[in-house]
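Here are my notes from going through this one, roughly in the order I'd look at things. Have the viewer open while you read.

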Amino acid sequence: MFTIDSFVLYVENINRSMDFYAKAFDCEPKLLSPTFAALDFATNVTVTLKQTSDLAPKSNIKGGGTELSIPVSDKTTFDKLYNDWKEKGIHFEQEPESSVFGFNLVAIDPDGHRIRIFSH
């Protein structure tokens, strides 16, 4: 059995991305190097940001194409998060809607990574 250490999101600008995640999740990203940061907003998983200009080995892959899927406990928490993010100017690819698995929305970070928030 393996253990996953972290999920790495490729970003164009480490400072811009750190600012976005700090604002969205009220967390303080830890800059581990000038082009690499760890986000401390999730339980049992580390999400890290890696600036694409400093990837080793080099990669042609740019940001986006990844979705963080985050459950919240109930509709009240879901609505509060949506309203908080809207006030903070976070962009939504999908406004809140009801679906077969509950309520969900999709926000997008500066690099095109999707953040799906859902509640049953």
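1. Start with Phe-118, which is buried at a relative accessible area of 15%. Keep in mind throughout that this is a predicted model. Phe-118 sits in strand β8, and leaving out residues up to four places away in sequence, its contacts are Ser-69, Ile-70, Pro-71, Val-72, Phe-78, Phe-101, Phe-103 and Asn-104. Pro-71 is 47 residues from Phe-118 in sequence, yet their C-alpha atoms are 4.9 Å apart.

2. Now the sheet around that strand. It's an open one with four strands, ordered β5-β8-β7-β6, and the pairing is mixed. The edges belong to β5 (67-71) and β6 (92-99); each has a single partner strand, so one side of each has no neighbour in the sheet. From one strand to the next, the twist averages 15°.

3. For the pairing inside the sheet, look at β7 (residues 102-108) and β8 (residues 114-119): they run antiparallel and are joined by six bridges. One residue pair to click on is Ile-108 with Arg-114, its bridge partner in β8.

4. Two helices pack on this sheet. Helix α1 (residues 14-25) touches β5, β7 and β8, and its direction makes about 10° with that of β8. Helix α2 (residues 75-87) touches β6, β7 and β8, with an angle of about 150° to the direction of β8.

5. Which residues touch the most other members of the largest nonpolar core? That core has 26 residues, and the answer is Tyr-21, Phe-25, Leu-49, Trp-85, Ile-115 and Ile-117. At least two core residues come from each of β1 (6-11), α1, β3 (36-39), β4 (46-51), β5, α2, β7 and β8. Helix α1 gives the most, with six. Take Phe-25 as a sample: setting aside neighbours within four places in sequence, it contacts Phe-41, Ile-70, Trp-85 and Ile-115. As background, nonpolar side chains tend to be buried together in soluble globular proteins.

6. A few backbone spots deserve a look. Most residues other than glycine have a negative phi, and most peptide bonds are trans. Here, the Ala-56 to Pro-57 peptide bond is cis, with omega near -5°, and Pro-57 is in the loop between β4 and β5. Asp-26 isn't a glycine but has a positive phi of about 50°; it lies in the loop between α1 and β2 (30-33) and is exposed at 65% relative accessibility. Asn-44, also not a glycine, has a positive phi of about 70°. Asn-44 belongs to the loop between β3 and β4 and is exposed, at 80% relative accessible area.

7. Last, the charges: there are eight salt bridges. Glu-67 and Arg-114 form one of them, with the closest N and O atoms 3.0 Å apart. Glu-67 is in β5 and Arg-114 in β8, so this pair ties together parts that are 47 residues apart in sequence. Lys-80 and Asp-84 form another at 2.8 Å, N to O; both are in helix α2, four residues apart, or about one turn. Salt bridges with shared partners also join Glu-67, Arg-114 and Arg-116 into one network.

8. One more pair to check: is Lys-50 buried or exposed? Lys-50 counts as buried, at 16% relative accessibility, and it forms a salt bridge with Asp-54, the closest N and O atoms being 3.7 Å apart. Asp-54 is partly exposed, at 39% relative accessible area.

Conventions: Residues are numbered from 1 along each chain as its sequence is written. Side-chain values use heavy atoms; hydrogens and water are left out. Two strands pair if DSSP finds at least two bridges between them. Axes are lines fitted to C-alpha atoms, for helices over the stretch in contact, and angles run from 0 to 180 degrees between N-to-C directions. Contact means heavy atoms within 4.5 Å. A nonpolar core is a set of buried Ala, Val, Leu, Ile, Met, Phe, Trp, Tyr and Cys residues joined through side-chain atoms within 4.5 Å. Buried means under 20% relative accessible area, exposed over 50%, partly exposed in between (1.4 Å probe, protein chains only). A salt bridge is a side-chain nitrogen of Lys or Arg within 4 Å of a carboxyl oxygen of Asp or Glu.
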